[in-house]
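Hi,

Here is the structure I promised to pass on. Have a look at it first, and then read my notes underneath.

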Amino acid sequence: MSKLTIAIAGATGAVGQQMLQCLEERKIDCELRLFASYRSAGKAFSFQGKEIVVEELKEESFENIDIVLGATENDITKKWMPWAQKHHAVVIDNSSAYRLDPNVPLVIPEINPEDIQKHQGIIANPNCATIIALVALNQLHQEFHIHRMIVSTYQAVSGAGVKGVKDLENQVKDPSIPSTAFPYPIAFNLIPQIGDFDENGISKEEWKLQNESRKIWHDPNLLVNCTCVRVPILRSHSESITIECDQPVNIDKARELLESAEGVKLVDDPQNQQYPMPLDTSDQDLVFVGRLRKDPSDPTGHSMILFCCGDQIRKGAATNAVQILQALIQNQN
Ligand SMILES: NC(=O)c1ccc[n+]([C@@H]2O[C@H](COP(=O)([O-])OP(=O)(O)OC[C@H]3O[C@@H](n4cnc5c(N)ncnc54)[C@H](OP(=O)(O)O)[C@@H]3O)[C@@H](O)[C@H]2O)c1
């Protein structure tokens, strides 16, 4: 069998660069092509001991490409998707452009790997805050059946790409430098807006947690109440989550389940100041979960609260996409 040819579309961005690293770390045997805008054409990156030069993404770029890892914004992705389809390349996409399309599986490999097989040329990677929450909650959902969750997110600036990182780095040195990725200064601040608001005051990012979780868990009745906040953290999103379940919750059982949950590290010893924090979860692939406790405001005993953190560029984007790629390769062999 000839070597797989893989392309990264958006190779110079926060997610694209992390994809390059994940492909290298996971020793994916492939020919690699890197695409970005005309601004980056000619830049070079090292991969498996070779220099690969970034090319401008054009209509014919996907000729002879087997799999595209998409790491561009929605509008750019919508532009190049028909080019990939024309050349029958399978796309694993990180944007939100196709996530809710009924013909596009939305996949977290630890949760719904079987959905990968249903693809018709596009597989979508879920929103980063959704991936981190669902990896943390999946075993609890299997045991207690979550019907409602109340979530507050604390989202790192790198969630807004390379520009977001530059804003924070610039503003900690000089707070008068204006933001390019956010509506307000982000250093020494936080911003309770990620994405545009609808007429009810709910932001696009906040809807993603409900709509995408319903699709991944195949549960159209799941209810999510979410507040998304951008915080001056470079990397790793954190989330405070209250879950309401059909079954009464048991904290010891929840700990036991999380000890062995795939993709999870239980860090839950608050008496000894052990709990998840974004500095500890950055640049690795596990979602850390801790601060497990019953909800004292729910006398029925059906609710519990937890705190989780995960690297949203890795597990929330690049790693999840490369795991899907590995599953695709395995199924082809
Ligand atoms: N950052 C995260 O934590 C995260 C997590 C989950 C999902 N996502 C999603 O992943 C996607 C990429 O996000 P990011 O944070 O990596 O963004 P980013 O850092 O801003 O990178 C954007 C990439 O798109 C490329 N690009 C821009 N215009 C282009 C064009 N006309 N043709 C081809 N390439 C073009 C850029 O190339 P140039 O450098 O040449 O401009 C760059 O490589 C987005 O859809 C985002 O919502 C991001």
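Start with Ser158: one of its backbone N or O atoms sits 2.8 Å from a nitrogen atom of the ligand. Bear in mind that this is a predicted model, so read each distance below as computed from it. Two further backbone contacts go to ligand oxygens. Val162 brings a backbone N or O atom to 3.0 Å from an oxygen atom of the ligand, and for Gly161 the distance from a polar backbone atom to a ligand oxygen is 3.5 Å. As for how much of the ligand ends up covered, the protein takes 83% of the 900 Å² of accessible area that the ligand has on its own.

What else is around the ligand? The shell counts 26 residues, and the closest are Thr12, Val15, Ser37, Ser40 and Thr72. By character, the shell splits into 13 polar residues, 11 nonpolar and two charged. Both domains take part: domain 1 (4-126 + 317-332) and domain 2 (129-312) each give at least three residues to the shell. Two helices are worth clicking on here, H1 (14-25) and H8 (314-332), since each of them supplies at least two shell residues.

Now the sheets. One is an open sheet of seven strands with mixed pairing, in the order S3-S4-S2-S1-S5-S6-S7. Its edges are S3 (44-47) and S7 (122-124), each of which pairs on one side only. Ignoring direction, neighbouring strands in this sheet are turned by 25° against each other on average. Within it, S1 (residues 4-9) runs parallel to S5 (residues 67-70), and the two pair over four bridges. If you want a spot to zoom in on, Ile6 stands opposite Ile67 in S5.

The other open sheet I'd point you to has six strands, ordered S9-S8-S10-S13-S12-S11, and its pairing is mixed too. S9 (223-230) and S11 (264-266) are the edge strands here, each pairing on one side only. From one strand to the next, the twist averages 20°. For an antiparallel example, take S12 (residues 287-294) and S13 (residues 303-310), which pair over five bridges. There, Gly290 has Phe307 of S13 as its bridge partner.

That's what I have on the ligand and the sheets. Shout if you'd like to go through any of it together.

Cheers

Methods:
Residues numbered from 1 in each chain as written. Predicted model: local features only at pLDDT ≥ 70, side-chain atom pairs only at ≥ 80, totals over all residues. Heavy atoms only, no water. Near = heavy atom within 4 Å. Polar contact = N/O pair within 3.5 Å; in protein donor to acceptor, adjacent residues only side chain to side chain. Areas by Shrake-Rupley, 256 points an atom, 1.4 Å probe, with all protein chains shown as cover. Nonpolar A, V, L, I, M, F, W, Y, C, P; charged D, E, K, R; others polar. Domains from an automatic or database assignment. Pairing = 2+ DSSP bridges. Axes fitted to C-alpha atoms, helices over the stretch in contact; angles between N-to-C directions.
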